[in-house]
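This report is meant to be read with the sequence and the three-dimensional view side by side. It moves from the whole chain to its strands, and then to a few single residues.

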Amino acid sequence: MSTTETNRELLRRCYESYFVHGSLDAVADAVHEDFVQHSPDAPSGRQAYLAHLAEAAFKGGTSDVKRILADGDFVAVHHHLRLRDDNGPGLAVVDLWRVQDGKLIEHWDVEQPVPDSQRVPNGMF
């Protein structure tokens, strides 16, 4: 399997573990000790990031992964995120990850509320 495909599979496993099974196991195995976070809502560093995920607003929510795009060490995950106890339309999210030596070393994200379908006749996803 190529590096690109290996990295793509790593992110698929992490999202499935966290959002489907409610487990941090795959993520904990995947996060590099020197993890760098670019999101303003989450910390850098392996332990700090894992502690954040254990208490994050999206813990217990759902993520419907629409696509995973990978190019070498960079992997983008486009997904529909719904927070726990929120019956609204959710968020459209793109997470961008950099993988180094099989570990998640860097993360960026962009997210926006899913608007009413009349505003986006072609859909968000």
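The paragraphs below describe the overall form, the strand pairing, the turns and two buried valines.

**Overall form**

The model is a predicted one, and the values given here were computed from it. Its secondary structure comes to three helices and five strands, and these follow one another along the sequence in the pattern α-α-β-α-β-β-β-β. The radius of gyration is 14 Å, close to the 14 Å that the globule rule gives for 125 residues, so the protein is as compact as a globular protein of that length. Taken along the principal axes, the C-alpha atoms fill a box of roughly 45 × 30 × 25 Å.

Of the 125 residues, 37% are buried. Among the contacts with a separation of 6 or more, 43% are made by residues 24 or more positions apart in the sequence. The accessible surface of the protein comes to about 7300 Å², and carbon and sulfur atoms account for 49% of that area. The protein carries 12 positive and 20 negative charges, and the mean positions of these two sets are 4 Å apart.

**Strand pairing**

Strands 2 to 5 can be followed pair by pair in the table, which gives the residue ranges, the sense of each pairing and the number of bridges.

| Strand pair | Sense | Bridges |
|---|---|---|
| Strand 2 (residues 62-71) and strand 3 | antiparallel | nine |
| Strand 3 (residues 74-82) and strand 4 (residues 91-100) | antiparallel | eight |
| Strand 4 and strand 5 (residues 103-113) | antiparallel | ten |

Single bridges help to set the register of each pair. Between strand 2 and strand 3, Ser63 has Leu81 as its bridge partner. Between strand 3 and strand 4, Ala76 is partnered by Leu96, while Val77 has Asp95 as its bridge partner. On the next pairing, Val93 stands opposite Glu111 in strand 5.

Strand 3 thus has a pairing with strand 2 and another with strand 4. How much of strand 3 is covered? Seven of its nine residues are buried, and the strand is accordingly described as mostly covered.

**Turns and loops**

Two of the connections are hairpins with two residues between the strands. In the hairpin of strand 2 and strand 3, Gly72 in the turn has a positive phi of about 60°. In the hairpin of strand 4 and strand 5, a positive phi near 55° is taken by Asp101, which is not a glycine. Asp101 lies in the loop between those two strands, and with a relative accessible area of 75% it is exposed, because that value is over the 50% cut-off.

The loop between strand 3 and strand 4 holds Asp85. Asp85 also has a positive phi, of about 60°, although it is not a glycine. Its relative accessibility of 78% is over 50%, so Asp85 counts as exposed.

**Two buried valines**

Val77 is found in strand 3. Is this residue buried or exposed? Val77 has 0% relative accessibility, which is under 20%, and therefore counts as buried. Leaving aside its neighbours within four places in sequence, Val77 is in contact with Leu11, Tyr15, Val65, Arg67, Ile68, Val93, Val94, Asp95 and Trp97. One of these contacts, Asp95, is also the bridge partner of Val77 in strand 4. Ala54, by comparison, is 23 residues from Val77 in sequence and 20 Å from it in space, C-alpha to C-alpha.

Val31 lies in strand 1, which covers residues 31-37. With a relative accessible area of 2%, Val31 is buried, since this value is also under 20%. Which residues are in contact with Val31, leaving aside its neighbours within four places in sequence? They are Arg46, Tyr49, Leu50, Lys103 and Leu104. Val31 and Leu104 are 73 residues apart in sequence, yet their C-alpha atoms are 4.7 Å apart in space. Both Lys103 and Leu104 fall within the residue range of strand 5, which is 103-113, and the contacts of Val31 with these two residues therefore link strand 1 to strand 5 in the sense of heavy atoms within 4.5 Å.

Methods:
Residues numbered from 1 in each chain as written. Predicted model: local features only at pLDDT ≥ 70, side-chain atom pairs only at ≥ 80, totals over all residues. Heavy atoms only, no water. Pairing = 2+ DSSP bridges. Helix = DSSP H or I, 4+ residues; strand = E, 2+ residues; numbered from the N terminus. Rg over C-alpha atoms; globule rule 2.2 N^0.38 Å. Buried < 20%, exposed > 50% of the residue type's maximum accessible area, 1.4 Å probe, protein only. Areas by Shrake-Rupley, 256 points an atom, 1.4 Å probe, with all protein chains shown as cover. Lys, Arg positive; Asp, Glu negative; His and termini not counted. Charge placed at Lys NZ, Arg CZ, Asp CG, Glu CD.
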